[in-house]
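Student: Hey, can we go through this protein together? I'd like to start with what the words mean.

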Amino acid sequence: MAQAGENDIDKDELASFFGFLQCQLRLEARERLDIPHELEDPTANSMWQYCEAWANLTTDFRKEKWMPFHTVLGVHELFAVGEIHNRNDVGWDDYRRL
C-alpha cells in the first residue's frame with residue numbers, strides 16, 4: 001500500500017513539463033508549419049529562450065538535427081502524410097488509407 005504523499009505529483013515539476021511541451025509545440029509550429037505563436041503561460045515563456053537555444057544548438061553543426069517532439073512533423077513523415085496519405089487521385093478506399 002502506498003504511503004501518504006508517495007504518489008503526489010510535484011506541481012512545479014508538472015508545470016515545467018507542460019511548459020516544455022508548449023515550447024515544443026511553438027518550435028514545431030514555427031519550424032514545420034511557418035506559424036508564429038506566442039506563449040501565454042508564464043512558465044513556458046520563462047523556458048522559451050532555453051528551448052530555442054537548444055534547438056539552434058542541435059541544428060547549427062548539423063551533427064544532429066532538431067526533431068519535432070511529435071514525429072509526424074518530421075520532414076519525411078510530414079511528406080508522407082501530406083503528399084501520399086491524403087492524396088485523392090490514387091484510388092484508395094478507407095481500408096487502404098489506414
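Tutor: Sure, here's the one we'll use most: buried means under 20% relative accessible area, exposed means over 50%, and partly exposed is in between (1.4 Å probe, protein chains only). This is a predicted model, where local features need pLDDT of at least 70 and side-chain atom pairs count only at pLDDT 80 or more, while totals for chains, interfaces and linings use all residues. Residues are numbered from 1 along each chain as its sequence is written, and side-chain values use heavy atoms, with hydrogens and water left out.

Student: Okay. Is Phe-17 buried or exposed, or something in between?

Tutor: Phe-17 counts as partly exposed, because its relative accessibility is 44%. Phe-18 also comes out as partly exposed, with a value of 44%.

Student: What do helices and strands look like here, how many of each?

Tutor: There are four helices and zero strands. Reading from the N terminus, the order is α-α-α-α. Helices (H or I, at least four residues) and strands (E, at least two) are DSSP runs, numbered from the N terminus.

Student: And how much of the protein is buried?

Tutor: Of its 98 residues, 18% count as buried. The accessible surface comes to about 8,000 Å², and 55% of that belongs to carbon and sulfur atoms. Those areas come from the Shrake-Rupley method with a 1.4 Å probe, and for residues only the protein chains shown count as cover.

Student: Back to the rings. How many aromatic pairs are there?

Tutor: The count is one aromatic pair. Phe-17 and Phe-18 have ring centres 6.0 Å apart and planes at 45°, so the pair is tilted. The rule is that rings of Phe, Tyr and Trp (its six-membered ring) pair if their centres lie within 6.5 Å; planes under 30 degrees apart are stacked, over 60 edge-to-face, and the rest tilted.

Student: Which residues make the nonpolar patch on the surface?

Tutor: Ile-9, Leu-14, Phe-17 and Phe-18 make a nonpolar surface patch of about 400 Å². Patches are built from residues with over 30% relative accessible area and no salt bridge: like charges are joined within 9 Å, and nonpolar side chains (Val, Leu, Ile, Met, Phe, Trp, Tyr) within 5 Å. Ile-9 sits in the segment before α1, and Ile-9 is exposed at 60% relative accessible area.

Student: New topic: how many salt bridges does the structure hold?

Tutor: It holds two salt bridges. A salt bridge is a side-chain nitrogen of Lys or Arg within 4 Å of a carboxyl oxygen of Asp or Glu. Side chains of opposite charge can pair when their charged atoms come close.

Student: Which residue does Arg-26 pair with?

Tutor: Arg-26 meets Glu-38 in a salt bridge, 3.5 Å from N to O. This pair links distant parts of the chain, twelve residues apart: Arg-26 is in helix α1, and Glu-38 is in the loop between α1 and α2 (42-60). Arg-26 is buried at 13% relative accessibility, whereas Glu-38 is exposed at 55%.

Student: And the other pair, which residues are in that?

Tutor: Arg-30 forms a salt bridge with Glu-52, with the closest N and O atoms 2.6 Å apart. Arg-30 lies in helix α1 and Glu-52 in helix α2, so the pair ties together parts that are 22 residues apart in sequence. Arg-30 is partly exposed at 28% relative accessibility, and Glu-52 is partly exposed at 25%.

Student: Hang on, what ring does the charged end of Arg-26 sit over?

Tutor: That's the ring of Trp-48, with the charged end 4.0 Å from its centre. A charge sits over a ring if NZ of Lys or CZ of Arg is within 6 Å of the ring centre and within 35 degrees of the ring normal. Leaving out residues up to four places away in sequence, Arg-26 touches His-37, Glu-38, Leu-39 and Trp-48. Contact means heavy atoms within 4.5 Å.

Student: What about Asp-34, where is that found?

Tutor: Asp-34 is in the loop between α1 and α2. Its phi is near 55°, a positive value in a residue other than glycine. Asp-34 counts as exposed, at 67% relative accessibility.

Student: Last one: what does Ile-84 touch?

Tutor: Ile-84 touches Phe-79 and Trp-92, not counting residues up to four places away in sequence. Ile-84 belongs to helix α3 (residues 75-85), and Ile-84 is partly exposed at 39% relative accessibility.
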